[in-house]
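Biologist: Please take a close look at one part of this model for me. I would like to hear about the nonpolar core and what surrounds it.

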Amino acid sequence: MEALISGLIDIGTGLITQLTNLITVQHTTNQTLLAHTQAQPTVNVNTSASIKPEQPRNYDGNPNCVTAFIQELRAYFYMANVMDIQKQIFFAISKIHGGRNDIATAWSDAIRNNIMERNDEIAWITILSNTSDYSTLRMKPSMPSKHCNKET
């Protein structure tokens, strides 16, 4: 039993010695790195220079290429500083066309049309909600007046 305890004490002493050496080496390394870091000259970087990014390639609906297309779009928007979501969406839709039987073009045209119709509806709702005198409001041609169907 004494041999076992003596062996554990020797192992513990060896671990403590190794940890002490490791801490000393780490401290010396940190001191060296700190000295080198502080000695570095400052470099002036011209942040006003801009890079004109290349536009992403067109997307033809191939599911194997969708991830690359989205990554190219995100990089382009970042580099071109395009933060407006609506501009990003319309730009992305404009890059989607072609494919087998022109299916990507048909899809992007339908999406663009839906967005534009929805924007028109929102605009009219906004106009109606901000107008207190409805008699002066001109009706949108596709929105028939209640009086149009009256028989005279």
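**The core and its surroundings**

Modeller: Four aromatic pairs are present in this structure, which is a predicted model. Take the pair of phenylalanine 77 and phenylalanine 91. Their ring centres are 5.9 Å apart and their planes stand at 75 degrees, so this pair is edge-to-face. The cut-off for that label is an angle over 60 degrees. Phenylalanine 77 belongs to helix H2 and phenylalanine 91 to helix H3, so the pair ties together parts that lie 14 residues apart in sequence. Both phenylalanine 77 and phenylalanine 91 are buried. Tyr76 joins Phe77 and Phe91 in one aromatic cluster.

Now the core itself. The largest nonpolar core has nine residues: Tyr59, Phe69, Leu73, Tyr76, Phe77, Phe91, Ala92, Ile96 and Ala104. Helix H2 (66-79) and helix H3 (85-94) each supply at least two of them. H2 gives the most, with four residues. In soluble globular proteins, nonpolar side chains tend to be buried together.

Next, H3. Its buried residues are Gln88, Phe91, Ala92 and Ile93. Among the elements that cover them are H2 and helix H4 (103-129). The N-terminal end of H3 has a cap, aspartate 84. A side-chain oxygen of aspartate 84 lies 2.9 Å from the backbone nitrogen of glutamine 86.

The loop between H2 and H3 holds asparagine 81. Asparagine 81 is not a glycine, yet its phi is positive, at about 60 degrees. Its relative accessibility is 55%, so asparagine 81 counts as exposed. The cut-off for exposed is over 50%.

The loop between H3 and H4 has a residue with a similar entry: aspartate 102 is found there. Aspartate 102 is not a glycine either, and has a positive phi of about 60 degrees. With a relative accessible area of 41%, aspartate 102 is partly exposed.

On to H4. This helix has 27 residues. From its first C-alpha to its last, H4 reaches 39 Å, close to the 39 Å expected at 1.5 Å a residue. Ala104, Thr105 and Ser108 are buried in H4. The buried residues of H4 pack against H3. One of them, Ala104, is also part of the nonpolar core.

Threonine 105 deserves its own look. It is found in helix H4. At 17% relative accessibility, threonine 105 counts as buried. A polar atom of the threonine 105 side chain lies 2.7 Å from the backbone nitrogen of glycine 98. Leaving out residues up to four places away in sequence, threonine 105 touches Ile96, His97 and Gly98.

That brings us back to isoleucine 96, a member of the core. Setting aside neighbours within four places in sequence, isoleucine 96 is in contact with Tyr59, Phe69, Ala104, Thr105, Trp107 and Ser108. Among these contacts, Tyr59, Phe69 and Ala104 are core residues too. Thr105 and Ser108, also in contact with isoleucine 96, are buried residues of H4.

To trace this on the model, start at the edge-to-face pair of phenylalanine 77 and phenylalanine 91. Then go to isoleucine 96 and its contacts, including Ala104 and Thr105. Finish at threonine 105 and its polar atom, 2.7 Å from the backbone nitrogen of glycine 98.

Conventions:
Residues are numbered from 1 along each chain as its sequence is written. This is a predicted model: local features need pLDDT of at least 70, side-chain atom pairs count only at pLDDT 80 or more; totals for chains, interfaces and linings use all residues. Side-chain values use heavy atoms; hydrogens and water are left out. A nonpolar core is a set of buried Ala, Val, Leu, Ile, Met, Phe, Trp, Tyr and Cys residues joined through side-chain atoms within 4.5 Å. Buried means under 20% relative accessible area, exposed over 50%, partly exposed in between (1.4 Å probe, protein chains only). Helices (H or I, at least four residues) and strands (E, at least two) are DSSP runs, numbered from the N terminus. Contact means heavy atoms within 4.5 Å. A polar contact is a pair of N or O atoms within 3.5 Å; within protein, one must be able to donate a hydrogen and the other to accept it, and residues adjacent in sequence count only if both atoms are side-chain atoms. The expected span of a helix is 1.5 Å times one less than its number of residues. Rings of Phe, Tyr and Trp (its six-membered ring) pair if their centres lie within 6.5 Å; planes under 30 degrees apart count as stacked, over 60 as edge-to-face and the rest as tilted.
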